[in-house]
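I set out here my notes on one molecular structure, kept in the order in which I looked things up.

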Amino acid sequence: MRVSHLLIPTLREDPGEAEVVSHRLMLRAGLIRKVAAGIYTYLPLGLRVIRKIETIIREEMTRAGAQELLMPIASPAELWRETGRWDYYGKELLRFKDRHERDFCLGPTHEEVITDLIRREVRSYRQLPLNCYQIQTKFRDEIRPRFGLMRGREFIMKDAYSFDVDEEAARVSYQKMYDAYQRIFTRCGLTFRAVEADTGLIGGTSSHEFMVLAETGEETIVYTEEGTYAANVERAEVLPPVRVSDEPQRPLQKVSTPGMKTIVDVTGFLKTTPDRLVKTLLYKTPKEVVAVLVRGDHELNEIKLRSLLDVTDLEMADPETVIACTGAPVGFAGPVGLRGVRIVADQAVAALRNVIVGANEADAHYVDANLDRDFNIDLAGDLRKAEAGDPSPRGDGTLKVARGIETGHVFMLGTKYSVTMKATFLDPQGRERLAVMGCYGIGVGRTAAAAIEQNHDQKGIIWPLPIAPFHVHLLPLGPSPKVVEASQRLYEELTGAAIEVLWDDRDERAGVKFNDADLIGTPYHLVIGEKGLAQGTVEVKERRTGTSTKLPPDQVLTHLRQALEAIRAS
RNA sequence: CGGGGCGUAGCGCAGCCCGGUAGCGCACUCGCUUGGGGUGCGAGAGGUCGGCCGUUCAAAUCGGCUCGCCCCGACCA
């Protein structure tokens, strides 16, 4: 295609609104334009990338036995009320009324709609297993959309839903999707890792996230070098302490700690280390306030606390509540003598002896407090965040930490939706059974953004070939008729051979064309200049390495074919 | 929603403290020039200074309200 015929509004300067590399480069290279917060138009170049990713997804979904359909974006409230998610989903669900005052929403995900379809159409075990997917626009009214396509409110998602006769069959379906995702992200040219994950609002029994590794990723993952374990920190399990302290118990003692409110203050003041201290955090759930005990050097994982308490709403107590419950200002809460609230503790706390805790009065702490003697715990469990250096919860090795971008997520749903929506079928014995479900998402735009995060340099994007908007950027330099003529010939020859060529036919200076080409980031640049032609050569330049090869025009096709094949194969 | 910041030409910004003619660079149009890493010169076009209300002889500038956007935290493909 000719640049002069395409809308490719490249920007010379960084747009002020973009902070993150992929967002900046998508705007600068003319891939997207913002319409409102988290809502974007895909320009021709951006759309080509999206389509390439979609094609890879379609091929792999088909190969995995899934079939494509397309559900509506708007869906009626009744379906969502059936599963309870009309209330549960919160403000992220964009709701509206039609002209008859009926409640509708824009689909943030489609479990309700697909389950409604399947319960109507599937009556027999003979029709299972079934895996349906779509590539469609989703709308989630995110609290804070950011980073361009990385977290939009409106975004393109591939979502698949599997229905099986039982758990075992569902695990097979899940594994097929897991494998398909491995192939999809590999084919997109990404470096990624599948990790165990929390199931969040979607629910279900277990899940894996596919994380594209990037420093700018919003997620933190932990993993072992040995590959025995990888998980989102939100989810990562922590083993119980291997041994309980055998220190003899010393008598409880109250000490004055004027103005010492933080771990750093207290440990500095008492000349000790954070692991000798137990911090007491007060949390509010809709029905109660709880005190949470965590070792001083550990960090509480709120998701674990949420599931231990079996609540979805959880927030740190405000200062007034802290005073009301402990009788002391924030910074001096402790379990000793604490009445009227449940005390839950991380498992590591139980292994400690002679710890420092707040005394529930201003400017005072207890030292040498001991569990069972000085205070009690109502509930204990794994509550802290995993951190680098922790032993792997599975087998050998210690955990390392990395950042990632969640581009895909697969869930074993179990019967969560089939129960509430009565999606049943008859088994061979004529008994009514619940379909066992799975669901599987890929953020298409986010995958494109992740690819840029992983593949760029100072000058711009460096697309992995399989998702590049074009294979070759044809750059004729100068207005010479010979150059124009040679370009035209090469363009036709390459295009005829199914190589996708972006032809910069603008009357622009060499520098402008080079800079735009580097910014747009097609894998190969084909440079045609008067000087080269005089020597009977043109130049093929690899965007990633910058290496260029001079060769006669009639060898370009063969050369590029080989180069493109080589990348495809790698 | 809490914290921080920003709205001035298509883009990037200055002007605002200290009220008085709206400015710079890029992009755009025309002419010449140049032609292998964002040519040079000249001439132009383009702005309700986010919106509303107020203070004032006078508001981009001061005050209040409001809308939008960006960044940091709780949600997620």
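The entries below cover the RNA surface, the aromatic rings and the salt bridges.

**Entry 1. Conventions.**
I note that this is a predicted model, in which local features need pLDDT of at least 70 and side-chain atom pairs count only at pLDDT 80 or more, while totals for chains, interfaces and linings use all residues. Residues are numbered from 1 along each chain as its sequence is written, chains are lettered from A and ligands numbered from 1 in the order in which they are written, and side-chain values use heavy atoms, with hydrogens and water left out.

**Entry 2. The surface near RNA strand B.**
I took a residue as near the strand if one of its heavy atoms lies within 4 Å of it. There are 52 residues around RNA strand B, and Glu 92, Glu 219, Arg 509, Asp 518 and Lys 541 come nearest. I then looked up the classes: the surface holds 23 charged, 17 nonpolar and 12 polar residues. In this count Asp, Glu, Lys and Arg are charged; Ala, Val, Leu, Ile, Met, Phe, Trp, Tyr, Cys and Pro are nonpolar; and the others, Gly among them, are polar. On the RNA side, 48% of the strand B atoms within 4 Å of the protein belong to sugar or phosphate, and the rest to bases.

**Entry 3. Elements that supply this surface.**
Helices (H or I, at least four residues) and strands (E, at least two) are DSSP runs numbered from the N terminus. Which element gives the most to the surface near RNA strand B? I found that α13 does, with seven residues. At least two residues each come from β1 (32–36), β8 (154–164), β21 (400–414), β24 (436–443), α13 (510–520) and β30 (538–542).

**Entry 4. Polar contacts to the RNA.**
I used the term for a pair of N or O atoms within 3.5 Å; within protein, one must be able to donate a hydrogen and the other to accept it, and residues adjacent in sequence count only if both atoms are side-chain atoms. I looked up two contacts to bases. A polar side-chain atom of Glu 539 is 2.6 Å from a base nitrogen of RNA strand B, and one of Glu 13 is 3.2 Å from a base nitrogen of that strand. For the backbone, I noted a side-chain N or O atom of Arg 306 at 3.2 Å from a phosphate oxygen of RNA strand B.

**Entry 5. Aromatic pairs.**
Rings of Phe, Tyr and Trp (its six-membered ring) pair if their centres lie within 6.5 Å; planes under 30 degrees apart count as stacked, over 60 as edge-to-face and the rest as tilted. I found 10 such pairs in the whole structure. Phe 185 and Phe 192 form a tilted pair, because their ring centres are 5.8 Å apart and their planes stand at 55°. For accessibility, buried means under 20% relative accessible area, exposed over 50% and partly exposed in between (1.4 Å probe, protein chains only). Phe 185 is buried at 0%, and Phe 192 is buried at 18%.
Tyr 491 and Trp 503 are also tilted, because their centres are 4.9 Å apart and their planes are at 35°. This pair links distant parts of the chain, 12 residues apart: Tyr 491 is in helix α12 (residues 481–496) and Trp 503 in strand β28 (residues 501–503). Tyr 491 is buried at 16%, and Trp 503 is buried at 4%.
I also noted a cluster in which ring pairs link Tyr 178, Tyr 181, Phe 185, Phe 192 and Phe 210.

**Entry 6. Charges over rings.**
The criterion is NZ of Lys or CZ of Arg within 6 Å of the ring centre and within 35 degrees of the ring normal. Arg 193 lies over the face of Tyr 223, 4.0 Å from the ring centre, and Arg 95 lies over the face of Trp 86 at 4.7 Å.

**Entry 7. Salt bridges.**
Side chains of opposite charge can pair when their charged atoms come close. I counted a salt bridge where a side-chain nitrogen of Lys or Arg is within 4 Å of a carboxyl oxygen of Asp or Glu, and the whole structure has 47.
Glu 111 bridges to Arg 85, with the closest N and O atoms 2.7 Å apart. Glu 111 is in helix α5 (residues 111–121) and Arg 85 in helix α4 (residues 85–88), so the pair ties together parts 26 residues apart in sequence. Both Glu 111 and Arg 85 are buried.
Glu 54 bridges to Arg 51 at 2.9 Å between the closest N and O atoms. Both lie in helix α2 (residues 44–63), three residues apart, about one turn of the helix. Glu 54 is buried at 4%, whereas Arg 51 is partly exposed at 42%.
Finally, I recorded a network of salt bridges linking Glu 59, Glu 60, Arg 63, Arg 183 and Arg 187.
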